[in-house]
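User: Hello! I would like to learn how to read a model like this one step by step. Could you take me through it?

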Amino acid sequence: MAVFFVESVDIYASIFSKRKSQPTTPYWAEEALRIDEWEDVERLEKEVISFESTDSFLPKAYAINKDKLQRVIERLEKAQNGTFSKGVSLPVGSTISFPFSFRAPHLLKQKRMDVSFKASYKMADDVVHTRSSTSRILILPSAFAVPTGGMIGALVGYVIKSTLVSGTDLPTINWEVLLGSIALGLVVSLLVSRKPETTKAITVEDFVGGLIIGVLSGLYSEVILTKLQALL
């Protein structure tokens with residue numbers, strides 16, 4: 001259920017962005033991709049496989065792949081005279097770069113996060129040195145934050161307007177007008193949403209801004225439609 005919820009949010013976000021949705025990688029698959037030596041295999045078995053039931057498919061497939069991985073490592077060690085090297089060797093004065101990317105979480109408002117980089121290297125004295133670097137970055141809201149706020153705000157604006165007009169606590173809902181108000185809130189929020197390649201007089205970039213625009217659209221839907229008819 002958790003994976004389905006995360007993937008559904010990712011599919012919903014892809015509607016308002018130019019990127020296609022990506023399936024969520026399970027935790028055990030991410031751990032399996034980090035296998036670099038036999039100690040990693042034992043760690044994977046202890047931290048992941050041991051918590052799976054014996055009837056599930058994962059332990060059975062892992063047992064087969066573990067035997068195959070052990071044979072491959074033994075062949076590599078034998079071909080390299082018993083020394084299984086990992087990492088990259090650099091001559092003196094040389095440099096190397098490792099491109100990387102990480103996936104930001106879906107956010108309704110911007111948030112500052114710390115990204116840490118850790119590098120381990122071995123000098124000629126066979127001493128392992130470790131260096132860490134931390135950088136603070138600003139992650140902007142997801143593409144669906146403004147449209148979602150606009151639709152919810154339009155719903156709230158319609159309820160406020162209907163309550164004030166009818167003067168009762170439970171106004172009669174006109175579903176056609178309600179859907180039209182939500183659609184108008186969606187259109188207005190998409191028009192004023194922030195885009196880096198364009199400059200606008202009014203820009204909205206998070207859920208709260210979309211909510212305010214949606215409430216105004218729901219309250220003044222007739223006025224907005226009249227203005228649009230005059231412009232068209």
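Analyst: Gladly! Let us start with a term: helices (H or I, at least four residues) and strands (E, at least two) are DSSP runs, numbered from the N terminus. Keep in mind throughout that this is a predicted model.

User: How many helices and strands does the protein chain have, and in what order do the elements run?

Analyst: The protein chain has eight helices and two strands. Read from the N terminus, the order is α-α-α-α-β-β-α-α-α-α.

User: What share of the 232 residues is buried?

Analyst: A residue is called buried under 20% relative accessible area, exposed over 50%, and partly exposed in between. In this protein chain, 22% of the 232 residues are buried. The accessible surface comes to about 17600 Å², and 62% of that belongs to carbon and sulfur atoms. As for contacts between residues at least 6 apart in sequence, 55% join residues at least 24 apart.

User: Where does UniProt place the feature "transmembrane region"?

Analyst: The UniProt record, an unreviewed entry, places that feature at residues 137–160, 172–192 and 204–225. A good habit is to set such an annotation beside the model. Residues 172–192 are 86% helix and 0% strand, with end C-alpha atoms 31 Å apart. For residues 204–225, the chain is 82% helix and 0% strand, and the end C-alpha atoms lie 21 Å apart.

User: What span should helix α7 have, and what does the model show?

Analyst: The expected span is 1.5 Å times one less than the number of residues. Helix α7 covers residues 207–219, which is 13 residues, so the span should be 18 Å; the end C-alpha atoms are 18 Å apart, in agreement.

User: Which residues of α7 are buried?

Analyst: They are Phe207, Gly209, Gly210, Ile213, Gly214, Val215, Ser217 and Gly218. Here is the general idea to hold in mind when you look at such a list: an α-helix has 3.6 residues a turn, so residues three or four places apart point the same way.

User: And which residues form the nonpolar patch on the surface?

Analyst: The patch is made of Val208, Ile212, Leu216, Tyr220 and Val223, with about 470 Å² of accessible area together. Its largest share, three residues, comes from α7. Val223 is in helix α8, residues 221–231, and is partly exposed at a relative accessible area of 46%.

User: How many salt bridges does a search of the whole structure find?

Analyst: The search finds one salt bridge. In general, look for a side-chain nitrogen of Lys or Arg within 4 Å of a carboxyl oxygen of Asp or Glu. Here the side chains of Arg136 and Asp114 meet, at 2.8 Å from N to O. This pair links distant parts of the chain, 22 residues apart: Arg136 lies in strand β2 (residues 128–139) and Asp114 in strand β1 (residues 111–122).

User: Are Arg136 and Asp114 buried or exposed?

Analyst: Arg136 is exposed, with a relative accessible area of 55%. Asp114 counts as partly exposed, at 47%.

User: Which residues does Thr148 touch, leaving out those up to four places away in sequence?

Analyst: Thr148 touches Tyr12 and Phe207. Thr148 is found in helix α5, residues 145–166. With a relative accessible area of 15%, Thr148 is buried, because the cut-off for that word is under 20%. Phe207, one of its two contacts, is among the buried residues of α7.

User: What can I read from the loop between α6 and α7?

Analyst: Two residues make a good exercise. Arg194 sits in this loop and is partly exposed, at 33% relative accessible area. Beyond its neighbours within four places in sequence, Arg194 is in contact with Leu140, Val204 and Glu205. The C-alpha atoms of Arg194 and Asp206 are 8.8 Å apart, although twelve residues separate them along the chain. Thr203 belongs to the loop between α6 and α7 too, and is partly exposed at 47%. Eleven residues along the chain from Val192, Thr203 has its C-alpha atom 4.9 Å from that of Val192.

User: Where is Gln70, as a last case?

Analyst: Gln70 is in helix α4, residues 57–79. Its relative accessibility of 32% makes Gln70 partly exposed. Gln70 and Val41 are 29 residues apart along the chain, and their C-alpha atoms are separated by 9.3 Å.

Notes. Residues numbered from 1 in each chain as written. Predicted model: local features only at pLDDT ≥ 70, side-chain atom pairs only at ≥ 80, totals over all residues. Heavy atoms only, no water. Buried < 20%, exposed > 50% of the residue type's maximum accessible area, 1.4 Å probe, protein only. UniProt positions renumbered as here; feature names shortened; annotations may be inferred. Contact = heavy atoms within 4.5 Å. Areas by Shrake-Rupley, 256 points an atom, 1.4 Å probe, with all protein chains shown as cover. Patch = residues over 30% accessible without salt bridge, like charges linked within 9 Å, V, L, I, M, F, W, Y side chains within 5 Å.
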